[in-house]
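Please look through the structure below before reading on. The paragraphs that follow lead through it one region at a time.

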Amino acid sequence: MAGVLLLSAADVRAVFDLPAAIASQRAAFGALGRGEARLAPRVLLDGPDGDVAFSYVSRLPGTGAVAKFGSVNPRNAARGLPTVAALVTVQDPVDGRPVAIIEGEAVTTLRTSAASAVAAGHLAVPDASRLAVIGCGVQGRAHVRAMAMVRPIGRVTVTCRHPETCTAASELSDELEMPVEAAASARAAVEGAQIVVTATTSPEPVVLGSWLDPGCTVVSVGSFAPDRTEVDGETLTRAASVVVDDVTTALEHAGPVVAAVRAGVLNPGEVRPLGPIVAGLATGRESAADIVFYNSVGLGVQDAAAAAVIVDRARDAGAGRLVDL
């Protein structure tokens, strides 16, 4: 087997910027909403101390199958390592041979925040300018950048587990040239926010529904497994619309959705997929006063769409390294 393109994290970042990532995720969810994407069941494998291994396989029209295998290790933050580690493999659409192996953490960071931006572009009120982000890690910071691409963000408030030592606010403020404030608590960060992003690995709620103002859109990206629940049940009961990246996957894996259905406060038939909204087949919100909750667990089509762009751009730029396997 010859000619497999190896792409490092640096290669990914060199060819895959945020606008390209957002466009790729818009294409992914549009295809999903039109029934054009193939999506295998998502696999999670529990490990010790909250570690989780995951695997996705999917295919978009005109592409080969794409698989991602990786893990989420919450204790890596204390080790100075990324919480997410992964590899993405890309097959040839005709003969099925591997054509690329891509470092997956860089892909995951961009495609996750880009997908949240796509969701917010359809679900948040058009004039949303006040953003709160709970969690100042890689994903929290990436979401500040991404939300600023789709809404007229003028005020950002962030908070994390260690606000006394966190430098995210000042660093993001310098980078984005906009006011970014550090809040002493999640409740203080959420107060008055029109978009709230939870980007933690918390098994307990970090945002309560009673804190939310009318018209708020909540985006949960850390509630990717049944035991990860970043928001409480009142968040979902106050929400006029509960939207997920994929209904079948969310009913099994999205912690707040699983908990609300189990408690009998959410009818599974009321959970809405993002795809048809992005495809223009359904509306995102009915009223400017509605609270909308969006839960992303992550889907293979997101990686497939991102990988297609990355491989094409890497070939054009001569990035990466060809190896014989």
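Leaving aside its neighbours within four places in sequence, which residues is Gln139 in contact with? Before the answer, a word on how the model was treated: it is a predicted model, in which local features need pLDDT of at least 70 and side-chain atom pairs count only at pLDDT 80 or more, while totals for chains, interfaces and linings use all residues. Residues are numbered from 1 along each chain as its sequence is written, and side-chain values use heavy atoms, with hydrogens and water left out.

With those neighbours set aside, Gln139 is in contact (heavy atoms within 4.5 Å) with Thr108, Thr109, Thr112, Ser113 and Ala199. Gln139 itself lies in helix 5, where helices (H or I, at least four residues) and strands (E, at least two) are DSSP runs, numbered from the N terminus. With a relative accessible area of 19%, Gln139 is buried, a word that here means under 20% relative accessible area, as against exposed at over 50% and partly exposed in between, using a 1.4 Å probe and protein chains only. A polar atom of its side chain lies 3.4 Å from the backbone oxygen of Thr108. Gln139 can also be set beside Val197, which is 58 residues apart from it in sequence and 9.9 Å apart in space, C-alpha to C-alpha.

Helix 5, which spans residues 138-150, also serves as a packing partner, for the buried residues of helix 6 pack against it as well as against strand 9 (155-159) and strand 10 (180-182). Those buried residues of helix 6 (residues 168-176) are Ala168, Ala169 and Leu172. Because they cover an arc of only 95° around the axis, they are on the same side of helix 6, the arc being that of the directions from the helix axis to the C-beta atoms. In general, an α-helix has 3.6 residues a turn, so residues three or four places apart point the same way. Just after helix 6, Glu177 takes a positive phi of about 55°.

The next topic is empty space. A pocket is, on a 1 Å grid over the protein atoms alone, an open set of points with protein on both sides within 12 Å along at least five of seven lines, whereas a cavity is a set of points where a 1.4 Å probe fits but cannot get out; lining residues have an atom within 4 Å of a point. The largest pocket has a volume of about 1200 Å³, a volume being the space filled by probe spheres set on the points, with grid points joined across faces, edges and corners. Of the 44 residues that line the largest pocket, the closest to its centre are Thr83, Gly137, Ala199, Thr200 and Thr201. Strand 4 (52-59), strand 5 (66-72), helix 4 (104-123) and helix 5 are the elements that give two or more residues to this lining, and helix 4 gives the most, with five residues.

The structure also holds one cavity of 30 Å³ or more, and the largest cavity has a volume of about 40 Å³. Its lining consists of Leu39, Ala40, Arg42, Tyr56, Val57, Thr249, Gly298, Leu299 and Gly300.

Gly300 appears again beside Ser58, a residue found in strand 4 and buried, with a relative accessible area of 3%. A polar atom of the side chain of Ser58 lies 2.7 Å from the backbone oxygen of Gly300, and a polar atom of that side chain lies 3.3 Å from the backbone nitrogen of Val301. Leaving aside neighbours within four places in sequence, the contacts of Ser58 include Arg38, Leu39, Val66 and Ala304.

A further serine, Ser223, lies in the loop between strand 12 (217-220) and helix 8 (233-238), and at 0% relative accessibility Ser223 counts as buried. Its side chain is joined to that of Ser220 by a polar contact of 2.9 Å, a polar contact being a pair of N or O atoms within 3.5 Å, of which, within protein, one must be able to donate a hydrogen and the other to accept it, and residues adjacent in sequence count only if both atoms are side-chain atoms. A polar atom of the Ser223 side chain also lies 3.0 Å from the backbone nitrogen of Glu230. Although Ser223 and Ala254 are 31 residues apart along the chain, their C-alpha atoms are separated by 5.7 Å.
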